[in-house]
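The following exercises concern a predicted model. Each task is followed by a solution that proceeds step by step.

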Amino acid sequence: MNFLTDLNPMQQQAVKAINGPVLVVAGAGSGKTKVLTYRIAYLIEQGIAPQNILAVTFTNKAAEEMRQRVIKLISAMATLHPRGGATQEYRIGISALRQNIGTFHSICARILRHEISALGYKPNFTIYDDSDQNDLIKHLTKEANLDKQQFKPGMIREIISSAKDELLDPNQFREKAKNYIEETISQIYQAYQARLKMANSLDFDDLIFLTVKLFQFKPEVLARYQNYWQYILVDEYQDTNHSQYTLLNLLAQKNHNICAVGDIDQSIYRWRGADFRNILNFEQDYPNTQIILMEQNYRSSQN
Ligand SMILES: Nc1ncnc2c1ncn2[C@@H]1O[C@H](COP(=O)(O)OP(=O)(O)OP(=O)(O)O)[C@@H](O)[C@H]1O
Ligand SMILES: [Mg+2]
């Protein structure tokens, strides 16, 4: 089936450029997410195993939408095969696809469930939400007799979170501390991290932070995932922060088959911690990048 006829020529080009780095830069409503969806279907049509494809989104909703759209495209392809979509191989492929299309957090959680013992945690770790984090931080500031007004738990939580986005552990954060407040927060960060570990728990930022750490300290583990995910796709690349950027960069290092889509106009300060330089530096990070610009806006012409 020629499902690519749904796409305009630039979109088709972006879908078909499956080897080497590709950066699609285009405005809102130009079909960036659609391109990623079709690209996954195209890769599979070209014989790439779903197991070898990783697609990363920012929200669970976006991931679920992408899963459903890809599965719809694939099953339309499968109906053309003699045994339809009923084969064992097809079912395994669909289940791999479901797992390999996910958010940064879900993908990292899955990696850590398998690998985290290398970092001294147990695989059945629990994940703290905002209020668990606040409770722990409140407890630690009280224990340290800190002034409640000056050291509000919400503020400390955000500073720790930004430190992890920047891949700074408590020691590295302390080295950068410029004043008494930051110095004190670095001590809270240290204690916070120790308590989390004692409770065999991670916060959301740890999911990405610890996965990056794992890959940096265990090249053999990274190599396994590089061999596994040979084709990487990323939506909303302009929204990546430093830890997310580094994670993708580590994974793409071996095969360089990374396709990022993003919008420079939507990049600046849209998302907390997002570093718009990531999209501007893509070409330097990945030599021989194909850049594809898509100009047509489908959303406004529909309205
Ligand atoms: N070639 C096309 N023909 C018809 N409709 C299209 C085409 N390309 C995209 N669309 C439609 O335009 C809308 C926007 O597409 P999509 O969500 O992929 O854009 P986007 O660039 O990812 O937008 P955003 O920047 O908001 O994430 C969708 O409804 C999509 O189906
Ligand atoms: Mg989109």
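**Exercise 1.** Determine whether E182 is buried, partly exposed or exposed, and characterise its contact with K178.

*Solution.* Step 1: the relative accessibility of E182 is 23%. Step 2: buried requires under 20% and exposed requires over 50%, so a value in between is classed as partly exposed. E182 is therefore partly exposed. Step 3: K178 has a relative accessibility of 70% and thus counts as exposed. Step 4: E182 and K178 form a salt bridge whose closest N and O atoms are 3.9 Å apart. The cut-off for such a pair is 4 Å. Step 5: a network also occurs, in which E64, R67 and R98 are joined by salt bridges that share partners.

**Exercise 2.** State how many salt bridges a search of the whole structure finds, and analyse the pairs E143 with R195 and D203 with K164.

*Solution.* Step 1: the search of the whole structure yields 11 salt bridges. Step 2: in one of them, E143 meets R195 with the closest N and O atoms 3.0 Å apart. Because E143 belongs to helix α6 (residues 130–143) and R195 to helix α9 (residues 180–198), this pair ties together parts that are 52 residues apart in sequence. Step 3: E143 is partly exposed at a relative accessible area of 49%, and R195 is partly exposed at 27%. Step 4: the side chains of D203 and K164 form a salt bridge with an N to O distance of 2.7 Å. D203 lies in strand β5 (residues 201–203) and K164 in helix α7 (residues 153–165), so that distant parts of the chain, 39 residues apart, are linked. Step 5: D203 has 1% relative accessibility and counts as buried; K164, also at 1%, counts as buried.

**Exercise 3.** Establish the strand order of the open sheet and identify its edge strands.

*Solution.* Step 1: the open sheet consists of 6 strands in the order β3-β2-β6-β7-β1-β8, with parallel pairing. Step 2: β3 (101–103) and β8 (290–294) each pair on one side only and are the edge strands. Step 3: direction ignored, neighbouring strands of this sheet are turned by 15° against each other on average. Step 4: at the β8 edge, strand β1 (residues 22–26) runs parallel to β8 and is joined to it by 5 bridges. There, A26 stands opposite M294 in β8.

**Exercise 4.** Describe the surroundings of strand β6 (residues 231–234), including its bridge partners and its two faces.

*Solution.* Step 1: strand β2 (residues 53–57) pairs with β6 in the parallel sense over 4 bridges; V56 has V234 in β6 as its bridge partner. Step 2: β6 and β7 run parallel and are joined by 3 bridges, and the partner of V234 in β7 is A260. Step 3: the chain passes from β6 through helix α12 (residues 242–252) to β7 in a right-handed β-α-β crossover. Step 4: in a regular strand, side chains alternate between the two faces of the sheet. Step 5: Y231 and L233 lie on one side of β6, with I232 and V234 on the other; all are buried, and both faces are covered.

**Exercise 5.** Identify the nonpolar surface patch that contains I264, and locate this residue.

*Solution.* Step 1: I264, F276 and L280 form the patch, which has about 230 Å² of accessible area together. Step 2: I264 is situated in the loop between β7 (258–262) and α13 (277–280). Step 3: membership requires over 30% relative accessible area. I264 is partly exposed, with a value of 34%.

Conventions. Residues are numbered from 1 along each chain as its sequence is written. Chains are lettered from A and ligands numbered from 1 in the order in which they are written. This is a predicted model: local features need pLDDT of at least 70, side-chain atom pairs count only at pLDDT 80 or more; totals for chains, interfaces and linings use all residues. Side-chain values use heavy atoms; hydrogens and water are left out. Patches are made of residues with over 30% relative accessible area and no salt bridge: like charges are joined within 9 Å, nonpolar side chains (Val, Leu, Ile, Met, Phe, Trp, Tyr) within 5 Å. Accessible areas come from the Shrake-Rupley method with a 1.4 Å probe; for residues, only the protein chains shown count as cover. Buried means under 20% relative accessible area, exposed over 50%, partly exposed in between (1.4 Å probe, protein chains only). Two strands pair if DSSP finds at least two bridges between them. A crossover is right-handed if, with the strands pointing away from the viewer, the path from the first strand over the helix to the second runs clockwise. Axes are lines fitted to C-alpha atoms, for helices over the stretch in contact, and angles run from 0 to 180 degrees between N-to-C directions.
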